[in-house]
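Q: Please take a close look at a single part of this model and describe it in detail. I should like the account to begin with the part itself and then to follow the chain into its surroundings.

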Amino acid sequence: MTSKTAQNNKLKMITYYSKKDCKPCEMWFEKFRKKFKETDYVKVTLQTNEEALETVTKFGVRTVPFIVIDAEIVIPGRGLSRLINAIL
């Protein structure tokens, strides 16, 4: 199931990765969620998802939060904050 926004932008999936009890992760997720409310996305908590560790290893990500778009494009930490601020 894809939303109209995802179809228009040809995005398949946005995955938002964060850590449990991470205040900056939650702050950015709220901003992210408001902006992308029509886009299909999933939120993954690193401590509770073993597959997430594979993603971290695959992309060499060392900071949270970060997003992965269509399982190919990674936007970590500072890039994520610039992206969200630019589209707000």
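A: A residue is called exposed when its relative accessible area is over 50%, buried when it is under 20%, and partly exposed in between. The model is predicted, and the part chosen here is helix H3, which spans residues 50–59.

The buried side of H3 is made by Ala-52, Thr-55 and Val-56. Viewed down the helix axis, the buried residues lie within an arc of 100°, so they line one face of H3. The general geometry fits such a pattern: an α-helix has 3.6 residues a turn, so residues three or four places apart point the same way. On the face turned away from this buried side, H3 carries the exposed residues Glu-50, Glu-51, Leu-53, Glu-54, Thr-57 and Lys-58. The cover over the buried residues includes E1, strand E2 (41–45) and E3.

Both ends of the helix deserve attention. At the N-terminal end, Asn-49 acts as the cap of H3, with a side-chain oxygen 2.9 Å from the backbone nitrogen of Glu-51. After the helix comes Gly-60, which has a positive phi, near 65°.

Within the buried face, which contacts does Thr-55 make beyond its neighbours within four places in sequence? They are Tyr-17, Phe-66 and Val-68. Thr-55 belongs to helix H3, and its relative accessibility of 15% is below the 20% limit, so it counts as buried. Its side chain also joins that of Tyr-17 through a polar contact of 3.3 Å.

Beyond the helix, the chain leads to Pro-65, in the loop between H3 and strand E3 (66–69). The peptide bond that runs from Val-64 into Pro-65 is cis, its omega being near 0°. At 5% relative accessibility, again under 20%, Pro-65 counts as buried. Although Pro-65 and Ser-18 are 47 residues apart in sequence, their C-alpha atoms are 4.7 Å apart in space. With neighbours within four places in sequence left aside, Pro-65 is in contact with Tyr-16, Tyr-17, Cys-25, Trp-28, Pro-76, Gly-77 and Leu-80. Tyr-17 thus appears both among the contacts of Thr-55 and among those of Pro-65.

Cys-25, a contact of Pro-65, leads on to the disulfide. The count for the structure is one disulfide, which joins Cys-22 to Cys-25 with an S to S distance of 2.5 Å. The link is right-handed, with 70° about the S-S bond, and both Cys-22 and Cys-25 are buried. Just before Cys-22 in the chain stands Asp-21, in the loop between strand E1 (14–18) and helix H2 (23–35). Phi of Asp-21 is positive, near 60°, although the residue is not a glycine. At a relative accessible area of 69%, Asp-21 is exposed, whereas Cys-22 is buried.

A comparable backbone feature occurs at Ala-71, which lies in the loop between E3 and strand E4 (73–76). Its phi, too, is near 60° and positive in a residue other than glycine. Ala-71 has a relative accessible area of 53%, over the 50% limit, so it is exposed.

Tyr-16, another contact of Pro-65, opens a view of the aromatic residues. Across the whole structure, six aromatic pairs are found. In one of them, the ring centres of Phe-32 and Tyr-41 are 5.3 Å apart and the planes stand at 80°, so the pair is edge-to-face. Phe-32 has 0% relative accessibility and counts as buried, while Tyr-41 is partly exposed at 24%. Phe-32 and Tyr-41 join Tyr-16 and Phe-29 in one aromatic cluster.

It remains to consider confidence. The protein chain has an average pLDDT of 80, and 82% of its residues score at least 70. E1, one of the elements covering the buried residues of H3, has the highest confidence in the chain, at 91. The lowest belongs to helix H1 (residues 4–8), with a mean of 44. Over residues 1–7 the pLDDT stays under 50, and the model has 11 contacts beyond four places in sequence for that stretch.

Key:
Residues are numbered from 1 along each chain as its sequence is written. Side-chain values use heavy atoms; hydrogens and water are left out. Helices (H or I, at least four residues) and strands (E, at least two) are DSSP runs, numbered from the N terminus. Buried means under 20% relative accessible area, exposed over 50%, partly exposed in between (1.4 Å probe, protein chains only). A disulfide is a pair of cysteine sulfur atoms within 2.5 Å. pLDDT is the predictor's confidence in each residue, from 0 to 100. Contact means heavy atoms within 4.5 Å. The arc is that of the directions from the helix axis to the C-beta atoms. A polar contact is a pair of N or O atoms within 3.5 Å; within protein, one must be able to donate a hydrogen and the other to accept it, and residues adjacent in sequence count only if both atoms are side-chain atoms. Rings of Phe, Tyr and Trp (its six-membered ring) pair if their centres lie within 6.5 Å; planes under 30 degrees apart count as stacked, over 60 as edge-to-face and the rest as tilted.
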